[in-house]
Amino acid sequence: MRQPVVMGNWKLNGSKSMVTDLINGLNAELEGVTGVDVAIAPPALYIDLAERLIKEGGNKLILGAQNTDINNSGAFTGDMSPEMLKDFGATHIIIGHSERREYHNESDEFIAKKFAFLKENGLKPVFCIGESEAQNEAGETEAVCARQIDAVINACGIDALNGAIIAYEPIWAIGTGKAATADDAQRIHASIRAHIAAKSAAVAEQVIIQYGGSVKPENAESYFAKPDIDGALVGGASLDAKSFAAIAKAAAAAKS
Ligand code: PGA
């Protein structure tokens, strides 16, 4: 049985007071909630504050981050390393998000290097994949997801997916309010798992596959009712403690 993982991707949002209110709000909302791993990825500048607030709240939240470099130290201006993330207790690190692929020209191969370096440093990649609207309309969704996953499998081997998280996020559903239907998401998740199972049934059985793209408290339950949807990567709705906690609780209830 896979324990669901619900993760909040805060993107470029936050201030000291917002981070404090949101994490304190989550600490209260998640009191007594079990059966789900709840993670947050604040902007890097607030990871220190987040670590302290999570501890004060009794460690109900897992700390994550939105990016990593592929070096641990050196002359790499503006970057942030796995060693540094570990120094603050961050474990779940988002890579391959479509916004990084698009605005920072990150290639499948570069993302595979990040994946490998996170694993080498004992961190958990939250590896985002997903198709554009044009690719979706052209019926290329499964092929795009397979290509993105194969970049990691080719670079790191199939066993590298053990303990990793895959986040299937159709790009056209991110921040648009136009979420994939639960049936469509389940179909793609099943195809992703089958693609992995062709290389290793054991890895496919344990790998967490999250859905992401306009997940809200109103639609969360419909995704978690599906057998191959093991949680969610949540953007907009993760900025509100009640909404994000409601999504986490829906995952816990559906998978219990
Ligand atoms: P959204 O973002 O929930 O605001 O659609 C999801 C994501 O980008 O991870």
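**A note on the helix 10 and helix 11 packing, and the barrel**

1. Helix 10 and helix 11 are roughly parallel to each other, because their crossing angle falls under the 35 degrees used as the limit for that label. Please keep in mind that this is a predicted model.

2. Here is the geometry behind that label. Helix 10 covers residues 217–224 and helix 11 covers residues 241–255; their axes cross at roughly 20° and come within 9 Å. The crossing of helix 10 past helix 11 is right-handed.

3. If you would like to look at the contact itself, helix 10 brings Pro 217, Ala 220, Glu 221 and Phe 224 to it. Facing these from helix 11 are Ser 243, Ala 246, Ile 247, Ala 250, Ala 251, Ala 254 and Lys 255. Sorted by class, the contact holds eight nonpolar residues, two charged ones and one polar one.

4. Now to the strands. Eight of them form a closed barrel in the order 1-2-3-4-5-6-7-8, and the pairing is parallel. From one strand to the next, the twist averages 25°.

5. One pair in the barrel is worth a closer look on your screen. Strand 5 (residues 124–129) pairs with strand 6 (residues 165–168) in the parallel sense, over four bridges. Within this pairing, Val 126 has Ile 165 of strand 6 as its bridge partner.

6. Finally, a helix over these strands: helix 8, residues 182–197, lies across strand 5, strand 6 and strand 7. Helix 8 runs at about 150° to strand 7, which spans 208–212.

Terms used: Residues numbered from 1 in each chain as written. Predicted model: local features only at pLDDT ≥ 70, side-chain atom pairs only at ≥ 80, totals over all residues. Heavy atoms only, no water. Axes fitted to C-alpha atoms, helices over the stretch in contact; angles between N-to-C directions. Helix = DSSP H or I, 4+ residues; strand = E, 2+ residues; numbered from the N terminus. Parallel < 35°, antiparallel > 145°, perpendicular 65-115°, else oblique. Left-handed = near helix turned anticlockwise from the far one by under 90°. Contact = heavy atoms within 4.5 Å. Nonpolar A, V, L, I, M, F, W, Y, C, P; charged D, E, K, R; others polar. Pairing = 2+ DSSP bridges.
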